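The following exercises are to be worked through with the sequence and the structure at hand. Each task is followed by a solution in steps.

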Amino acid sequence: MSKVIVFSGSPKKKGSSAALLAEVVKGAEAAGAEIIEYDLNNKELRGCQGCLSCRREDVVACIQNDYFSSMYAELNDADAVVVGAPIYMGTVTAQTWILINRLYPAMGPNFAPRYPGKKFATVITQGNANPEGFASAVEQVQGFLGRLGWDMVGSMLWAGAGGDLSEEQKQEAFQIGQDLAG
């Protein structure tokens with residue numbers, strides 16, 4: 001059984017990003033995956049403190065004792081990761097940037113990936129109907145995850161997000177979940 005970690009970077013529990021992630025989860029579960037979910041809007045999650053303890057050879061996780069304490073062990077065992085987030089002010093949410101900063105321990109002291117070989121997908125929503133409107137923000141997140149030694153298997157952008165998901169969007173998100181689990 002594969003293990004997929006789902007990171008939700010939206011402050012809205014029932015927003016567009018959550019709707020897409022729910023479909024990704026359905027697809028991964030249908031393919032037999034175990035799902036581990038992290039709500040990046042959790043009050044017990046702290047940003048990177050810049051202590052650089054994770055740069056040491058003998059440390060493989062962030063030393064902060066918070067909501068992410070178990071995440072590094074889960075990440076080590078996971079087969080795939082999906083990051084879902086809305087675009088706010090031209091980039092992914094502050095909650096999502098906390099994740100990106102806290103993944104610093106996923107690179108060793110020489111910046112080599114500590115957890116290579118994972119699959120990943122991004123599921124991004126934005127109010128701007130122009131799909132190219134914030135492409136650089138999406139590319140930045142995908143580029144960072146790629147530098148961790150992970151392979152992108154799916155990417156979905158819902159430009160002009162709001163309202164209900166179409167059947168086509170549901171199917172696309174479901175397929176991303178299956179691809180992550182497969």
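Angles between axes that are under 35 degrees count as roughly parallel, over 145 as roughly antiparallel, 65 to 115 as roughly perpendicular and the rest as oblique. The model examined here is predicted.

**Exercise 1.** Determine how helix H1 (residues 16–30) and helix H5 (residues 167–181) are oriented to each other.

*Solution.* Begin with the axes: those of H1 and H5 come within 6 Å and cross at roughly 45°. This angle falls outside the parallel, antiparallel and perpendicular ranges, and H1 and H5 are therefore oblique to each other. Next, consider the hand of the crossing: H1 passes H5 in a right-handed crossing. Finally, identify the residues that meet. On the H1 side they include Leu20, Val24 and Ala28, and on the H5 side they include Ala173, Phe174 and Gly177.

**Exercise 2.** Establish whether strand S5 (residues 119–126) is enclosed or open, and describe its neighbours.

*Solution.* First, examine burial, for which the cut-off is under 20% relative accessible area. Eight of the eight residues of S5 are buried, so the strand is largely enclosed by the rest of the structure. Second, separate the two faces: Lys119, Ala121, Val123 and Thr125 point one way, whereas Phe120, Thr122, Ile124 and Gln126 point the other way. Third, find the paired strands. S5 pairs in the parallel sense with strand S3 (residues 80–88) over seven bridges, and also in the parallel sense with strand S6 (residues 151–159) over eight bridges. Thr125 serves as a reference point, being the bridge partner of Pro86 and standing opposite Trp158 in S6. Fourth, follow the chain from S5 to S6: the path leads through helix H4 (residues 135–147), and this β-α-β crossover is right-handed.

**Exercise 3.** State which residues of helix H3 (residues 94–102) are buried, and what covers them.

*Solution.* The buried residues are Gln95, Thr96, Leu99, Ile100 and Arg102. Their cover includes strand S1 (3–8), helix H2 (71–77), S3, strand S4 (91–92) and H4.

**Exercise 4.** Compare the backbone and the exposure of Leu52 and Met89.

*Solution.* Start from the general expectation: most residues other than glycine have a negative phi. Leu52, however, has a positive phi, near 65°, and that of Met89 is also positive, near 55°. Then locate both residues. Leu52 lies in the loop between strand S2 (34–39) and H2, while Met89 lies in the loop between S3 and S4. Lastly, assess exposure: at 48% relative accessibility Leu52 counts as partly exposed, whereas Met89, with a relative accessible area of 86%, is exposed.

Note on methods
Residues are numbered from 1 along each chain as its sequence is written. This is a predicted model: local features need pLDDT of at least 70, side-chain atom pairs count only at pLDDT 80 or more; totals for chains, interfaces and linings use all residues. Side-chain values use heavy atoms; hydrogens and water are left out. Buried means under 20% relative accessible area, exposed over 50%, partly exposed in between (1.4 Å probe, protein chains only). Helices (H or I, at least four residues) and strands (E, at least two) are DSSP runs, numbered from the N terminus. Two strands pair if DSSP finds at least two bridges between them. A crossover is right-handed if, with the strands pointing away from the viewer, the path from the first strand over the helix to the second runs clockwise. Axes are lines fitted to C-alpha atoms, for helices over the stretch in contact, and angles run from 0 to 180 degrees between N-to-C directions. A crossing is left-handed if the near helix is turned anticlockwise from the far one by less than a right angle, and right-handed if clockwise. Contact means heavy atoms within 4.5 Å.
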